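User: Could you walk me through the empty spaces and the odd backbone spots in this one? I'd like to learn how to read them.

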Amino acid sequence: MRTRTLLTLICTAAACALPLAGPASAADTPVLTKGSAGGTPVAVGDVLTAPLASGTTATLYSSATGTSGVSCTSSQFTATVMDNPAAPGTATESLGAHTFDSASCTSNVLGVLGVSSITVDNLPYGTTVTSDGTVTVTPAGGSTVRTTVKLRTLLGAITCVYQAPSLTGTASNDDNSINFTAQQFTKTSGSSLCFANGYFTAKYAPVTDGGELVFVN
């Protein structure tokens with residue numbers, strides 16, 4: 001009788017403990033991990049970097065489906081992780097740098113001889129990454145996502161300024177990438193050689209943290 005009672009107590013304790021193991025384990029997996037999906041948590045304060053995906057270009061074209069505008073083969077972003085909660089959830093980052101190497105940029109716009117510089121203004125931008133892979137880039141309150149493009153033309157140097165309220169991209173664990181497709185900017189200043197709208201497309205990969213691949217959970 002005593003043996004049966006002891007076994008019953010042991011089994012009851014085990015049964016009570018098992019349901020607690022699942023949720024505790026799930027809570028340990030944050031939205032962003034490095035090394036593998038479900039791997040080492042990305043720490044708050046870590047700096048994430050990503051260049052353009054090999055063999056791709058970043059483009060700012062005059063239409064969503066056109067091929068006229070500016071293209072660059074070298075670009076990179078750097079973002080600091082501000083919050084990385086348990087998955088499913090939303091991680092937040094501060095996009096502190098987004099650069100384009102003007103030496104890698106060209107333009108096929110009639111009358112444009114070359115690209116002097118492309119500068120991303122109003123940094124830093126707030127960035128969120130959700131467990132479903134949605135990436136959203138937003139400026140500080142009262143500001144805009146803004147890019148200044150300086151071109152060399154037959155008529156001399158011109159400056160084209162474009163802005164957007166926000167950008168939306170998609171993160172993929174297949175190649176640790178972030179993809180932006182035809183994100184619309186509107187011209188706020190510049191000559192007639194500056195097209196009225198700019199559509200930004202770029203694929204950044206791989207996203208890394210200290211050299212380790214970053215995954216979204």
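Analyst: Sure, a bit of vocabulary first: Ala, Val, Leu, Ile, Met, Phe, Trp, Tyr, Cys and Pro count as nonpolar, Asp, Glu, Lys and Arg as charged, and the others, Gly among them, as polar. This is a predicted model, where local features need pLDDT of at least 70, side-chain atom pairs count only at pLDDT 80 or more, and totals for chains, interfaces and linings use all residues. Residues are numbered from 1 along each chain as its sequence is written, and side-chain values use heavy atoms, with hydrogens and water left out.

User: How many cavities of 30 Å³ or more does a search of the whole structure find?

Analyst: The general idea: rolling a probe the size of a water molecule over the atoms shows where empty space is left. On a 1 Å grid over the protein atoms alone, a cavity is a set of points where a 1.4 Å probe fits but cannot get out, and lining residues have an atom within 4 Å of a point. Grid points are joined across faces, edges and corners, and a volume is the space filled by probe spheres set on the points. Here the search turns up two cavities of 30 Å³ or more. The largest holds about 330 Å³; 28 residues line it, and H98, F100, L167, F200 and Y204 are the closest to its centre.

User: What classes of residue make up the lining of the largest cavity?

Analyst: That lining has 22 nonpolar, five polar and one charged. Strand β7 (residues 90-100) gives the most to it, with four residues; strands here are DSSP runs (E, at least two residues), numbered from the N terminus.

User: What is the volume of the second largest cavity?

Analyst: About 120 Å³. Its lining has 15 residues, with A171, I178, V207, V214 and V216 closest to the centre. β18 gives the most, three residues, and by class the lining has ten nonpolar, four polar and one charged.

User: And the backbone: which peptide bond leading to P88 is cis?

Analyst: Most residues other than glycine have a negative phi, and most peptide bonds are trans. The bond from A87 to P88 is cis, with omega near -5°, and P88 sits in the loop between β6 (75-83) and β7. The bond from A205 to P206 is also cis, with omega near -5°.

User: Is N176 buried or exposed?

Analyst: Buried means under 20% relative accessible area, exposed over 50%, partly exposed in between (1.4 Å probe, protein chains only). N176, with a positive phi of about 55°, counts as buried because its relative accessibility is 7%. N122, whose phi is near 60°, counts as partly exposed at 29%.

Conventions: 1 Å grid on protein atoms, 1.4 Å probe; cavity = no way out; pocket = protein on both sides within 12 Å on 5 of 7 lines; lining within 4 Å.
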